[in-house]
Amino acid sequence: MFLQGRGLNSSYAIFQDATGKAFERVVALGIAVGSGYLFETDFKKEVYSDLTGERGTLMGAIQGIFAAQYQVLRDKGHSPSEAFNETVEELTQSLMPLVAENGMDWMYANCSTTAQRGALDWWKKFRDATAPVFKELYESVATGKESQRSIDSNSQPDYREKLEEELRELRESEMWQAGKTVRSLRPENQSVNGNPFEESSTKNVFREQALKSESVG
């Protein structure tokens, strides 16, 4: 990211400032490591927001939402590749880069009218449905349950073995196996005779890979 002229945000906290130069030093450190911008916090807020985010929209909640929508589509007769494309691939490859650059308000204003109407009608329903879960999550973080859970789990002698079982379940799920195949269909992963855009051969590759994705599960 740094070499691309971009940077990841960083947070900083100043607990005590004996020299009177703590702010200048922390800003200099942030610039040195390539931070896109810096925001002030304290240790408690950083821990609470970080643990909530990891278990919420950054990883836990998003996987749960992916899995729920994917399963509904599969139960209704959609193929693995179609279900994955409409659940994950379009979001990560097409929409989120635009949201990151312009904001969700821009996305709502510039999508198709059918997507726009549907998103406006449904986002508050999802907010209301998930808000109790996020409140439960935050309380679990604030009371120390999440930290204790991590400490207890990571301290077990068979931690690595149990972790691998959980990761294998995720990795070998139909959704992410379909995803592995769908990712292989991306243009940047196609190379026929050194030319990824060689039309006739590429169509055959896409057709063959698509058939493989339909057979997943």
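Helices (H or I, at least four residues) and strands (E, at least two) are DSSP runs, numbered from the N terminus. The model described here is a predicted one, in which local features need pLDDT of at least 70 and side-chain atom pairs count only at pLDDT 80 or more, while totals for chains, interfaces and linings use all residues. Residues are numbered from 1 along each chain as its sequence is written, and side-chain values use heavy atoms, with hydrogens and water left out.

A loop residue makes a gentle starting point. Threonine 41 sits in the loop that joins strand E2 (38-40) to helix H2 (43-55). With a relative accessibility of 16%, threonine 41 counts as buried, a word used here for under 20% relative accessible area, with exposed meaning over 50% and partly exposed in between (1.4 Å probe, protein chains only). Leaving aside residues up to four places away in sequence, threonine 41 touches Ser11, Tyr12, Ala13 and Glu46, where contact means heavy atoms within 4.5 Å.

One of these neighbours, Tyr12, leads on to the aromatic residues. Rings of Phe, Tyr and Trp (its six-membered ring) pair if their centres lie within 6.5 Å; planes under 30 degrees apart count as stacked, over 60 as edge-to-face and the rest as tilted. By this rule there are 5 aromatic pairs. In one of them, tyrosine 12 and phenylalanine 23 meet edge-to-face, with 6.0 Å from centre to centre and 65 degrees between the planes. Tyrosine 12 belongs to strand E1 (residues 10-12) and phenylalanine 23 to helix H1 (residues 22-32), so the pair ties together parts that are 11 residues apart in sequence. Tyrosine 12 is buried, at 12% relative accessible area, whereas phenylalanine 23 is partly exposed, at 44%.

Another edge-to-face pair is formed by phenylalanine 84 and tryptophan 176, with 5.5 Å between centres and 75 degrees between planes. This pair links distant parts of the chain, as phenylalanine 84 lies in helix H4 and tryptophan 176 in helix H9 (residues 174-184), 92 residues apart. Phenylalanine 84 is buried, with a relative accessible area of 1%, and tryptophan 176 is partly exposed, with 22%. Together with Phe66, these two residues form one aromatic cluster. Elsewhere, lysine 125 lies over the face of tryptophan 122, at 4.2 Å from the ring centre; a charge sits over a ring if NZ of Lys or CZ of Arg is within 6 Å of the ring centre and within 35 degrees of the ring normal.

Helix H4 itself deserves a look. The expected span of a helix is 1.5 Å times one less than its number of residues. For the 23 residues of H4 (residues 80-102) this gives 33 Å, and the end C-alpha atoms are 31 Å apart, which agrees. H4 has a kink of about 55 degrees centred on leucine 91, the bend at a residue being the angle between axes fitted to the seven residues ending there and the seven starting there. The buried residues of H4 include Pro80, Phe84, Thr87 and Val99. After H4 comes glycine 103, with a positive phi near 100 degrees.

Helix H6 (residues 113-142) has 30 residues and reaches 41 Å from its first C-alpha to its last, close to the 44 Å expected at 1.5 Å a residue. A kink of about 35 degrees lies at threonine 130 in H6, shortly before proline 132. Leu137, Ser140 and Val141 are buried in H6, and the buried residues of this helix pack against H2 and H7. Glycine 144, which follows H6, has a positive phi near 90 degrees.

Side chains of opposite charge can pair when their charged atoms come close. The structure holds 10 salt bridges, each a side-chain nitrogen of Lys or Arg within 4 Å of a carboxyl oxygen of Asp or Glu. One of them joins glutamate 146 to arginine 55 (2.6 Å, N to O). It links helix H7 (residues 145-154), home of glutamate 146, to helix H2, home of arginine 55, across 91 residues. Glutamate 146 is buried at 17% relative accessibility, while arginine 55 is partly exposed at 25%. Glutamate 164 and arginine 171 also meet in a salt bridge (2.8 Å, N to O), and Glu164, Glu165, Arg168 and Arg171 are linked in a network of salt bridges.
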